[in-house]
Amino acid sequence: MKINSVKLISLLFFILSAFYLYTAHQIQVFAFDENAPFNAKTFPIYLGYAGMFFSGLKIALPDQNPIEVDPTYLEFKKTILLVFTMIVYGATILKVGFFLSTSLFLVFSYYFLGERRWKYIIIFSFPFVAIFMYLLHGVLAVYLRDPLLKYIGIMG
Amino acid sequence: MIEGILIGLKTALSFQNLMMVMIGCFAGTIIGMLPGLGPMTAIALMIPITYGFDPATGLILMAGVYYGAVFGGSTSSILINAPGVPGTVATSFDGYPMAQQGKAGKALAIAAYSSFAGGTISAIFLLIAAPSLSKISLSFRSPDYFGLMILGLTAVAAFSSKGNFLKAMMMCVLGLMLASVGQDTLSDIPRFTFNNMNLSDGISFVLVVMATFAMSEALTIIIKGNDPSKAAKQISLTDLGSIKVNKEETKQMAATIPRSSILGFIIGVLPGAGATIASFLAYGMERNFVKSEEKEKFGKGSVQGLSAPETANNAACSGSFVPLLTLGIPGSGTTAVMLGALLGFGIQPGPRLYQTNPDIFWSVIMSMYIGMVVLLILNLPLIPYIARILAVPRTFLIPMILFFSVTGIYLMSFNNFDIFLMIGIAVIATALRLYDFPMPPLILAFVLGGLMEENLRRSLLISDGSWSFLWDRPLTLIIMLTIILIVCLQCYKSFKKTPNVAKTSQ
């Protein structure tokens, strides 16, 4: 049996299902519910078995349409940079505020994806976010937390 | 029924709702046009906005987005041979050759008229079928619902992901697992929260949809190095030719539309089948119906070859609303997203929706029709302008999608944890997409998870823990036998198939 990437993913899913099943058994139910036909852990237990069954079948049965993705064609660097930018964006949005963190996220994302026309980078970041914020906060009355703009006195 | 239609018309024709249909159709067309981004992404991006409106308005907006995205998908199929959605792949068979012959405007007009006609006929079917089925489904009990939900998941796994049945079933289980995170609905016992307070309310539906569709589609485009704007640069998006359709072509369409509409609607009602299968079947059926000299034109710019799949995929879209509105069970990924949104509004679709919220039930049906009219009179003439969106480079497009995804979640919870969770799910979904693990079954399962558990709970309690409820009632037995038949057929198919190595380099 040849191990390909799909089988490896299936194996990971099998392990995940086994862990899920173990955790499902650990769910603390009320004493009076312990022997009931259905309690909080019944459905998850069946799910754990179902996950192990389907992933087990996928591992055991021959793959009729094996898919191999050639990693040399994949743009890992750009994707990782973009994911990292999103994580930083998520981490700063509450502390720095919506305006600055969103605008910087857009600037860095455009740049990491290969955009070098600074005129467009600037237009589609700071002014774009300002208009978006005005529409949300000013027109639709959707609250947007922004300590920085509050400190400056632009937002109430 | 007349009273209901009038209620629906009154709600749908209010100024605010008319605006929502227009905005929805417009936004849907733009998003659906971008290759790789389909109706599910379009609806997912709209969900956070809809929560600011009342349920009827929110649903009307989503229905508009849905139809707009399907229409947008046809546009990119015809203009650049890059279907925005799987349901419009068959459209490109004859639409793209027509565009190459300098008749892009005509091809778009044929697609729009066929969509409109297919949508109109199926909306009439929906008007008749939905209330009747609602009345019948009132007699359904928990075991029947449980069986129907398994049938829906199995059918989606079997039909929507050709050749990937086991992968799709794994995704179904993953979706159900994600749905089980959080407090148990009856006992409030925390499950799979790992003492993290952020997980005690469970994982947000919008978060999962955004992560598995909008965000992971954007990341997939990046990691694969695709550039949707490349194909658009090869054609003129400003000069699409005349949109006039002559008498001969109208005559050809008149014969095709009724049969494709009926076929599309029936396929759409079936769980799991949907627009893709409907459009391919209609294309194949039409090829068998036409004269031999017309048959030769198929694949080279045939009017009927373009009209049939377009009619069928729109009819199937309306058809897919039948199980959602009458049984509360979505038959496709897109309607699953809409069910999730409905539940977010605190509305439980199903047979009682027709009685408890007639304004929502009828206004959604009526707004679908209004959406068709909007697409025809507003979007078709604007296509040369809207089509320019195809030329937007990915350097701007992808960050915008990511921005709307993150902002959507941020506005709902104001919580960093949800953003990180969404990024984590999106990264996993991107890796799974690379290896053809389908996402619609995951969403369908995630939405149905709570309902499935609830119905299983009731069934097992009523039968005192015995699984005999699966065959006690004839209806449940029929549903279970259908599930077994689908599973056996899929297993037989996978064993029968000859090995075929498919290598994806990009």
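**Domains, interface and nonpolar core of the A–B model**

In this predicted model, chain A is divided into domain 1, spanning residues 5–68, and domain 2, spanning residues 75–152. The centres of domain 1 of chain A and domain 2 of chain A, taken over C-alpha atoms, are separated by 40 Å.

Chain B contains 23 helices and three strands. Its C-alpha atoms fill a box of roughly 65 × 55 × 50 Å when the extents are taken along the principal axes. The radius of gyration of chain B is 22 Å, which agrees with a compact globule, because a globule with 506 residues would be expected to have a value near 23 Å. Buried residues account for 60% of the 506 residues in chain B, and, among contacts in this chain between residues at least 6 apart in sequence, 80% join residues at least 24 apart.

The contact between the two chains takes 56 residues from chain A and 56 residues from chain B. On the side of chain B that touches chain A, two or more residues are given by each of the elements α8 (165–179), α9 (205–224), α19 (394–413), α20 (416–434), α21 (440–462) and β3 (502–504) of chain B. The most is given by α19(B), with 10 residues. By residue class, this side of chain B divides into 32 nonpolar, 13 polar and 11 charged residues.

The largest nonpolar core has 201 residues, of which Ile43(B), Met210(B) and Met422(B) touch the most other members. This core also draws at least three residues from each of the two domains of chain A, domain 1 (5–68) and domain 2 (75–152). In soluble globular proteins, nonpolar side chains tend to be buried together. When residues up to four places away in sequence are not counted, Met422(B) touches Leu207(B), Met210(B), Ala211(B), Met215(B) and Ile409(B); Met210(B), named here as a partner of Met422(B), is itself one of the three residues that touch the most other members of the core.

A further position considered in chain B is Thr91(B), which is placed in helix α5, comprising residues 89–100 of that chain. Thr91(B) counts as buried because 32 C-beta neighbours lie inside 10 Å, whereas the cut-off for a buried residue is 20 or more. The C-alpha atoms of Thr91(B) and Gly73(B), which are 18 residues apart along the chain, are separated by 9.3 Å.

Definitions and conventions:
Residues numbered from 1 in each chain as written. Chains lettered and ligands numbered in written order. Predicted model: local features only at pLDDT ≥ 70, side-chain atom pairs only at ≥ 80, totals over all residues. Contact = placed C-beta atoms within 7 Å. Helix = DSSP H or I, 4+ residues; strand = E, 2+ residues; numbered from the N terminus. Nonpolar A, V, L, I, M, F, W, Y, C, P; charged D, E, K, R; others polar. Domains from an automatic or database assignment. Core = buried A, V, L, I, M, F, W, Y, C linked by C-beta atoms within 7 Å. Buried ≥ 20, exposed ≤ 12 C-beta atoms within 10 Å, placed from the backbone. Rg over C-alpha atoms; globule rule 2.2 N^0.38 Å.
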